[in-house]
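Visitor: I am new to reading protein models, and I would like a close look at one single part of this one. Please pick a helix, and tell me what lies around it.

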Amino acid sequence: MSLAEAGDVQAVTGRLPVESGNVGAVRSGGWFVRIAITVVCLLWLVPALGVLITSFRQADAVNVTGWWTALAHPFEAGQWTIQNYRTALDQGLGNAFLNSVAVTVPATVIPITIASFAAYAFAWMEFKGRYILFVFVVGLLVVPLQMALIPLLKLYANGGILFGHWVFPDLDLNGTFLGVWLAHAGFGLPLAIYLLRNYIGSLPSSIIESAKMDGADHFTIFWRLIVPLSVPALAAFAIFQFLWVWNDLLVAYVFLGGTPDVQVLTLALAALNGSRGETWQLLTSAAFISMIVPLIVFFSLQKYFVRGLTAGSVKG
């Protein structure tokens, strides 16, 4: 097909014609991608399947044979049990589950709230040093979390003194939920501001200008326009932050401690395994209990996940 003929086809249909050979190549490439994705998914599911089967097996069978041997006689009732789940819940896993919820929900809501305001300011408000401050916030992404744990812990316990003057009061936040909320919020804010600023900055400027012409102030624009339009980006970061805080062990252990009244689910899982790993069949059942809430959060928000990540990457 000549260039002139291709141009005529594009003028009528709005699309360039695709040669039949190219169609076959695309279809063959599509099948290859599907097969590759299927293989990768199966490889990822094999360990999860092993953990699931082990969580329902008798302790004696777990110590003697591998989980795959149960597939030889899957309908043999004597090798299956739910006692592992009962034992895990009886050993304080329920209280740790509630503590994880109490830590994760505020530690997700706080940074999203602060970052959404900051992202709007960086995207649509004019003030001196805006770009320099944004670069500084993005630069905090490269700071290792482990470097800030001990200084922040000392700040919680003893306050901050600079040149003989108190710059941060002794709030005695160590071992409290408020302390771990603020820690997770501080560690999650740079990524949240970066993601939300890119998304909010990609929204059509005509919407903002029309609202200003109608007399709307910045808060009205933010609450009535920006927040409803930014649901995909907010949901994408909510998934990231929720999973990070829910699966966190180090930050919770440093700022909360490991006492039964405040320990989170990850600390309870570590203690459930025993000193020599002799009860790891309980660990597998407890692991699936811990997966319930993250799976609910992910599947309820997953339709926004890709939209929130890709939005703002190309502005046009």
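Guide: We will begin with the whole chain, settle on one short helix, and then follow its neighbours outwards.

This is a predicted model, in which local features need pLDDT of at least 70 and side-chain atom pairs count only at pLDDT 80 or more, while totals for chains, interfaces and linings use all residues. Residues are numbered from 1 along each chain as its sequence is written, and side-chain values use heavy atoms, with hydrogens and water left out.

The protein chain has 14 helices and two strands; these are DSSP runs numbered from the N terminus, with at least four residues (H or I) for a helix and at least two (E) for a strand. Of its 316 residues, 33% count as buried (under 20% relative accessible area; exposed is over 50% and partly exposed in between, with a 1.4 Å probe and protein chains only). Among contacts (heavy atoms within 4.5 Å) with a separation of 6 or more, 70% join residues 24 or more positions apart. Keep that in mind as we meet partners from distant parts of the sequence.

Our chosen part is helix H12, residues 265-272. Is H12 mostly covered or mostly open? H12 is mostly covered, with six of its eight residues buried. The buried ones are Leu265, Thr266, Leu267, Ala268, Leu269 and Leu272. The cover over them includes H4, H10, helix H11 (250-255) and H13.

Let us take H13 first. This helix spans residues 280-290, and H12 packs against it at an angle of about 170 degrees, with the two axes 9 Å apart. (Axes are lines fitted to C-alpha atoms, for helices over the stretch in contact, and angles run from 0 to 180 degrees between N-to-C directions.) That angle makes H12 roughly antiparallel to H13, because angles over 145 degrees get this name, while those under 35 are roughly parallel, 65 to 115 roughly perpendicular, and the rest oblique. The crossing of the pair is right-handed, meaning that the near helix is turned clockwise from the far one by less than a right angle; anticlockwise would be left-handed.

Which residues do the touching between H12 and H13? On the H12 side they are Leu265, Leu269 and Leu272, and they meet Leu282, Leu283, Ala286, Ala287 and Ser290 of H13. This contact holds seven nonpolar residues, one polar and no charged (Ala, Val, Leu, Ile, Met, Phe, Trp, Tyr, Cys and Pro count as nonpolar; Asp, Glu, Lys and Arg as charged; the others, Gly among them, as polar). A general point helps here: an α-helix has 3.6 residues a turn, so residues three or four places apart point the same way.

Now zoom in on one partner in H13, leucine 282. Leucine 282 counts as buried because its relative accessibility is 7%. Leaving aside neighbours within four places in sequence, leucine 282 is in contact with Leu272 of our helix, and also with Asn84, Thr87, Ala88 and Gln91. From leucine 282 to alanine 88 is 194 residues in sequence, but 6.0 Å in space, C-alpha to C-alpha.

Next comes H4, another part of the cover over H12. H4 runs over residues 83-124 and includes leucine 98. Leucine 98 is exposed, because its relative accessible area is 56%. Even so, leucine 98 and leucine 265 have their C-alpha atoms 8.3 Å apart, with their positions 167 residues apart in sequence.

H4 also packs against H10, at an angle of about 145 degrees and with axes 9 Å apart, in a right-handed crossing. The residues of H4 that meet H10 include Phe97, Val101 and Ile112, and those of H10 include Leu234, Phe237 and Trp246. By class, the H4 and H10 contact has 12 nonpolar, five polar and no charged residues.

One last stop sits in the loop between helix H9 (218-229) and H10 (231-246): serine 230. At 2% relative accessibility, serine 230 counts as buried. Its side chain reaches the backbone oxygen of isoleucine 226 at 2.7 Å. Not counting residues up to four places away in sequence, serine 230 touches Tyr199, Ile200 and Leu203.

Key:
A polar contact is a pair of N or O atoms within 3.5 Å; within protein, one must be able to donate a hydrogen and the other to accept it, and residues adjacent in sequence count only if both atoms are side-chain atoms.
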